[in-house]
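User: Hey, I'm new to this one. Can you walk me through it?
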Amino acid sequence: NDLPETVATALPVLEKGASAFFLAEYLARFYSRGFDARFPLEALNVVDFVSFLPLFVSSSADTYSFLRLLRVLRLQRLLTDVETFAEVR
């Protein structure tokens, strides 16, 4: 790795923090739907679930690198929702 030591140390912490944020947001949406059993089976919710899966699975950095891509896509979706709600006002 060519990353400075401080960055290399901070990245796993930031990754866990992002996963925890997405988990909390997922659970809040699940709660708002009254814990509907169909909620986790909806396509985008499956992607959301997989995006925070690394929080519970320890692995090497390469094994779950595709999950990082899903997390980025999840963040993009979240930011798009924020922009949409701003336009509704």
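Analyst: Sure, one term before we start: buried means under 20% relative accessible area, exposed means over 50%, and partly exposed is in between, using a 1.4 Å probe and protein chains only. This is a predicted model, where local features need pLDDT of at least 70, side-chain atom pairs count only at pLDDT 80 or more, and totals for chains, interfaces and linings use all residues. Residues are numbered from 1 along each chain as its sequence is written, and side-chain values use heavy atoms, with hydrogens and water left out.

User: OK, how many helices and strands are there in the protein chain?
Analyst: The protein chain has three helices and zero strands. Helices (H or I, at least four residues) and strands (E, at least two) are DSSP runs, numbered from the N terminus. Along the sequence the pattern reads α-α-α.

User: And what share of the residues is buried?
Analyst: Of the 89 residues in the protein chain, 21% are buried.

User: Let's talk charges. How many salt bridges are there?
Analyst: The count is five salt bridges. The rule is a side-chain nitrogen of Lys or Arg within 4 Å of a carboxyl oxygen of Asp or Glu. In general, side chains of opposite charge can pair when their charged atoms come close.

User: Which residues does R29 pair with?
Analyst: One partner is E25, with the closest N and O atoms 2.9 Å apart. R29 also forms a salt bridge with D48, and there the closest N and O atoms are 2.6 Å apart. That second pair links distant parts of the chain, as R29 sits in helix 1 and D48 in helix 2 (residues 43-51), 19 residues apart.

User: How far apart are R29 and E25 along helix 1?
Analyst: They are four residues apart in helix 1 (residues 5-32), so about one helical turn separates them.

User: Are these residues buried or exposed?
Analyst: R29 is buried, at 19% relative accessible area. E25 is buried too, at 17%, and D48 is buried at 2%.

User: How do helix 1 and helix 2 pack?
Analyst: They pack at an angle of about 145°, with their axes 9 Å apart. Axes here are lines fitted to C-alpha atoms, for helices over the stretch in contact, and angles run from 0 to 180 degrees between N-to-C directions.

User: Which residues make that contact?
Analyst: From helix 1 they are S19, Y26 and R29, and from helix 2 they are N45, D48, F49 and S51. Contact means heavy atoms within 4.5 Å. By type, the residues divide into two nonpolar, three polar and two charged. For those classes, Ala, Val, Leu, Ile, Met, Phe, Trp, Tyr, Cys and Pro count as nonpolar, Asp, Glu, Lys and Arg as charged, and the others, Gly among them, as polar.

User: Back to salt bridges. What does D36 pair with?
Analyst: D36 forms a salt bridge with R38, the closest N and O atoms being 3.0 Å apart. D36 is buried at 19% relative accessibility, whereas R38 is exposed at 59%.

User: Which residues are in a network with them?
Analyst: R33 and E42 are linked with D36 and R38 in a network of salt bridges.

User: Last topic: where is F21, and is it buried or exposed?
Analyst: F21 is in helix 1. At 47% relative accessibility, F21 counts as partly exposed. The C-alpha atoms of F21 and F52 are separated by 8.8 Å, with the two residues 31 apart along the chain.
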